[in-house]
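Open the model in your viewer and keep the sequence panel beside it. The stops below are given as selections, each followed by what is found there.

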Amino acid sequence: MKRYIIRSIKYFVALVVLYAGIVGIMQLTQANMLTYAERWQLLFTTDRGWMMVAATILLAATYPAFGFVKRTFEGDIVRHREQITTALLLKGFRLCAEECCELHFRASGLRRVTMLFEDEIVVRQAGVGVVEIEGLRRAAVPVALDVARYIENFERNNE
């Protein structure tokens, strides 16, 4: 539960920074007749502004529920280790920790910041012949598809 709350707060702060950045750019380009202070005042004194605040809070509160996923596919973490690490390396992730049935990968560089430091992807053996990938949806889903394809090609070539 603690992790869920931290993820929600991180996402809320990111949304507030994004909003402030957009308002700042509008001020600099003079696409807006309001001052920066008036824009913020409107946000908290109008019904539309409060609806936007409520929508932002609701989005941030539910983000961890739909922003993180687990994907499973056929494979073996020991037999297909090379395919798993290759797929993750090509997606910009490096192996940072390893346990008996788990591999932990992290993004590198600026990608960590854009993922709000929630960049860890965990690959684990979920059962006999089943591998599970867990992490941020926008990173874990493409990685899972690539790993499954790499394993399928490996098995096809080794028949």
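With the side chain of which residue does the side chain of D146 make a polar contact? Select D146 and R149: the two side chains meet in a polar contact of 2.3 Å. Bear in mind from here on that this is a predicted model.

**Stop 1: D146 and its helix**

Show α6, the helix that runs over residues 137–157 and holds D146. Colour by relative accessibility and D146 comes out at 12%; the limit for buried is under 20%, so D146 counts as buried. Now add A87 and K91 to the selection. Once neighbours within four places in sequence are set aside, these two residues are what D146 contacts.

**Stop 2: the largest nonpolar core**

Stay with α6 and bring up the core. The largest nonpolar core has 27 residues, and those touching the most other members are I84, L88, F93, I121, V123, I133 and V147. To see where the core comes from, display the helices α1 (2–28), α3 (47–67), α4 (81–90) and α6, then the strands β1 (68–74), β3 (102–107), β4 (121–127) and β5 (130–136); each of these supplies at least two core residues. Which element gives the most to this core? The answer is α6, with six residues. As background, nonpolar side chains tend to be buried together in soluble globular proteins.

Next, centre on I84. Apart from residues up to four places away in sequence, I84 touches I77, L103, F105, V123 and V147. Two of these partners, V123 and V147, are also among the core residues that touch the most other members.

**Stop 3: where α2 meets α3**

Select residues 36–45, which form helix α2, together with α3. The axes of the two helices lie 5 Å apart and make an angle of about 85°. Angles of 65 to 115 degrees count as roughly perpendicular, and α2 and α3 are therefore described that way.

For the contact itself, show side chains on both helices. From α2 come L42, L43, F44 and T45, and from α3 come D47, G49, W50, M52 and V53. Sorted by class, this contact holds six nonpolar, two polar and one charged residues.

**Stop 4: H104 on strand β3**

Move to H104, which lies in strand β3. Is H104 buried or exposed? Its relative accessible area is 10%, so H104 is buried. Add E120 and draw the distance between the side chains: a polar contact of 2.8 Å joins H104 and E120. The contacts of H104, leaving aside neighbours within four places in sequence, are R94, L95, C96, A97, E99, E120, I121 and V122.

From that list, pick A97. This residue sits in strand β2, residues 93–98, and is partly exposed because its relative accessibility is 32%. Beyond residues up to four places away in sequence, A97 touches L103 and H104. Then measure from A97 to V122 in the viewer: the C-alpha atoms are 9.5 Å apart, with the two positions 25 residues apart in sequence numbering.

**Stop 5: S108, in the loop after β3**

Select S108 in the loop between β3 and α5. With a relative accessible area of 39%, S108 is partly exposed. G92 and R94 are the residues S108 touches when those up to four places away in sequence are not counted. The C-alpha atoms of S108 and E120 are 10 Å apart, and the two residues are twelve apart in sequence.

**Stop 6: two positive phi values**

Go on to L116 and F117. L116 is found in the loop between α5 (110–114) and β4, and F117 lies in the loop between α5 and β4. Check phi for each. Most residues other than glycine have a negative phi. For L116, however, phi is near 55°, and for F117 phi is near 60°. L116 counts as partly exposed at 23% relative accessibility, and F117 also counts as partly exposed, at 46%.

**Last stop: T29**

Finish at T29, in the loop between α1 and α2. Its relative accessible area is 53%, so T29 is exposed. A distance drawn from T29 to V141, C-alpha to C-alpha, spans 38 Å, and these residues are 112 apart in sequence.

Note on methods:
Residues are numbered from 1 along each chain as its sequence is written. This is a predicted model: local features need pLDDT of at least 70, side-chain atom pairs count only at pLDDT 80 or more; totals for chains, interfaces and linings use all residues. Side-chain values use heavy atoms; hydrogens and water are left out. Helices (H or I, at least four residues) and strands (E, at least two) are DSSP runs, numbered from the N terminus. Buried means under 20% relative accessible area, exposed over 50%, partly exposed in between (1.4 Å probe, protein chains only). A polar contact is a pair of N or O atoms within 3.5 Å; within protein, one must be able to donate a hydrogen and the other to accept it, and residues adjacent in sequence count only if both atoms are side-chain atoms. Contact means heavy atoms within 4.5 Å. A nonpolar core is a set of buried Ala, Val, Leu, Ile, Met, Phe, Trp, Tyr and Cys residues joined through side-chain atoms within 4.5 Å. Axes are lines fitted to C-alpha atoms, for helices over the stretch in contact, and angles run from 0 to 180 degrees between N-to-C directions. Angles under 35 degrees count as roughly parallel, over 145 as roughly antiparallel, 65 to 115 as roughly perpendicular and the rest as oblique. Ala, Val, Leu, Ile, Met, Phe, Trp, Tyr, Cys and Pro count as nonpolar, Asp, Glu, Lys and Arg as charged, and the others, Gly among them, as polar.
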